[in-house]
Amino acid sequence: MEKEGKTTLIFPPLGLGRRMLERVSFLFGPPGICLPWFMDLPDENRENAVPSTSFILRPPEELRPPGDFPKLLQEYRVWMKDHSDRSALSFLSAGERINDPEDTRWEIQKMVREGHRIDIVEQKKNEGLKWHLILHLAARLEREREEAEKALRKSRQQGSPLKEALGEGADVLDIMDDLSPSLLPPVIEHDLLEDVCEAWLGLFGALVQRESILVTFDEEIFKFLTTLFAEAVSRLNLIQNLPGVCFHIGDPISLAARESSVSREGSLQKRSMAALYELARELHRKGEKTPESAGLIHSLQKMFPGKNDPGSIRVEMLSLPDREEAHTSQGQGILHGLSGKTLVFLKADSENA
């Protein structure tokens with residue numbers, strides 16, 4: 001791995017559009033994009049890459065899948081295509097069944113010969129392979145969902161072909177008018193959210209430092225972690241509500257593009273980064289929204305006016321409790337791995353316009 005200890009990390013590798021990454025870079029500094037082996041950024045990022053915007057981090061070499069991993073991944077994709085009537089849960093849970101019966105029989109024989117001695121290295125490699133499959137398949141499902149949603153949006157903008165054929169005066173019901181702003185359901189089903197989070201932590205958990213800020217573009221991931229931590233701390237009778245804030249600001253990329261002075265833009269970026277990191281520390285120290293945190297939000301909204309514009313950015317920041325107690329609940333690996341960290345959800349309001 002390179003540049004270990006980076007403060008801001010993208011979690012998980014979903015929604016990696018160029019503009020969203022530029023927004024993260026402007027607000028929090030260049031983030032580390034944690035990509036599994038054999039996964040690249042979308043083409044739009046590579047074609048318009050700005051070197052200082054972000055950088056890629058990979059899992060440790062000992063977790064790198066074998067060279068024929070792309071072939072294995074393609075086999076899973078073919079399985080997905082042949083079983084298109086099955087849910088995404090079936091697709092991704094298939095990643096847990098890596099070994100065929102012959103492999104299982106061989107492993108049992110090996111355990112008998114070696115007196116049940118567990119080969120830790122081999123076990124870790126199998127886990128790493130499973131984690132890679134889960135993240136790759138999740139990213140693939142997301143891309144397919146985005147392509148389908150773009151096609152639906154285009155169809156809705158063009159209107160009903162029947163209406164066009166009958167003329168403007170014809171009264172034709174357009175079924176596209178009944179579609180919600182978000183045309184398709186989330187790519188990751190609820191039962192898969194834990195698998196995706198655990199896979200990411202399994203591959204990149206060593207990069208998560210005490211003051212790390214984890215930025216996600218996936219609202220379902222954000223909601224899942226919020227619920228997971230809220231239920232855990234409630235069972236421990238510690239707090240009822242997690243310390244967090246939600247606010248809107250004008251699009252920092254659009255504002256920066258309008259700035260005529262490079263020095264003014266640099267100053268704006270430094271001030272916004274300082275305010276956001278101080279806001280994260282304030283939430284973690286006080287454990288609740290305070291007048292100080294409200295003042296920081298107000299200053300950010302003054303830096304980036306236009307919070308009610310269609311192109312505004314929604315920011316949700318959550319301080320995940322720093323608890324050392326043993327977690328016996330579901331998702332204990334996630335609770336341990338993210339305890340004490342700051343989770344940020346970013347979304348452009350124009351995405352659902």
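This note goes through the predicted model of the protein chain point by point, from overall composition to individual elements.

1. Overall composition. The protein chain contains 13 helices and 7 strands, and 44% of its 353 residues count as buried. Its accessible surface comes to about 19000 Å², and carbon and sulfur atoms hold 50% of that area. Where contacts in the chain join residues at least 6 apart in sequence, 79% of them join residues at least 24 apart.

2. The sheet as a whole. The 7 strands form an open sheet with mixed pairing, in the order β3-β2-β1-β4-β7-β6-β5. At the edges stand β3 (55–57) and β5 (244–249), each of which has a single partner strand, so that one side of each is left without a neighbour in the sheet. From one strand to the next, the twist averages 25°.

3. Strand β7 and its surroundings. Which residues of β7 point one way, and which the other way? Thr342, Val344, Leu346 and Ala348 point one way, whereas Leu343, Phe345 and Lys347 point the other way, and all are buried. Lys347, a charged residue by class, is thus listed among the buried residues of this strand. Since 7 of the 7 residues of β7 (residues 342–348) are buried, the strand is largely enclosed by the rest of the structure.

4. Pairing on the two sides of β7. Strand β4 (residues 213–216) runs parallel to β7 and is joined to it by 4 bridges, whereas strand β6 (residues 313–319) runs antiparallel to β7 and is joined to it by 7 bridges. On the β4 side, the bridge partner of threonine 216 in β7 is phenylalanine 345, and that of leucine 214 is leucine 343. On the β6 side, leucine 318 has leucine 343 as its bridge partner in β7. Leucine 343 can therefore serve a reader as a reference position when the register is traced from β4 and from β6, and it is one of the buried residues of β7.

5. Strand β4 and the pairing beyond it. In β4, Ile213 and Val215 point one way and Leu214 and Thr216 the other way, and all are buried. Strand β1 (residues 8–10) pairs with β4 in the parallel sense over 3 bridges, with isoleucine 10 standing opposite valine 215 of β4. Towards the β3 edge, strand β2 (residues 32–34) and β3 run parallel and are joined by 3 bridges; here isoleucine 33 has isoleucine 56 as its bridge partner in β3.

6. Helices α8 and α9. Two packed helices are described by the angle between their axes and the distance between the axes. Helix α8 (residues 190–204) and helix α9 (residues 219–235) pack at an angle of about 85°, and their axes are 10 Å apart, which means that α8 is roughly perpendicular to α9. On the α8 side, the contact involves His190, Leu193, Glu194, Val196 and Cys197, which meet Glu220, Ile221, Phe224 and Leu225 of α9. By class, this contact has 6 nonpolar, 1 polar and 2 charged residues. Helix α9 also lies across β4, β6 and β7, and runs at about 150° to β7.

7. Helix α1. In helix α1 (residues 18–28), 9 of the 11 residues are buried, so the helix is largely enclosed by the rest of the structure. The buried residues are Met20, Leu21, Glu22, Arg23, Val24, Ser25, Phe26, Leu27 and Phe28, a list that includes Glu22 and Arg23. After α1 comes glycine 29, which has a positive phi, near 90°.

8. Glutamate 278. This residue has its place in helix α11 (residues 262–286). Is glutamate 278 buried or partly exposed? Because the cut-off for buried is under 20% relative accessible area, the 26% relative accessibility of glutamate 278 makes it count as partly exposed. Leaving aside residues up to four places away in sequence, glutamate 278 touches Arg285 and Leu296. Glutamate 278 and glutamate 292 are 14 residues apart in sequence, and their C-alpha to C-alpha separation in space is 9.7 Å.

Terms used. Residues numbered from 1 in each chain as written. Predicted model: local features only at pLDDT ≥ 70, side-chain atom pairs only at ≥ 80, totals over all residues. Heavy atoms only, no water. Buried < 20%, exposed > 50% of the residue type's maximum accessible area, 1.4 Å probe, protein only. Contact = heavy atoms within 4.5 Å. Areas by Shrake-Rupley, 256 points an atom, 1.4 Å probe, with all protein chains shown as cover. Axes fitted to C-alpha atoms, helices over the stretch in contact; angles between N-to-C directions. Parallel < 35°, antiparallel > 145°, perpendicular 65-115°, else oblique. Pairing = 2+ DSSP bridges.
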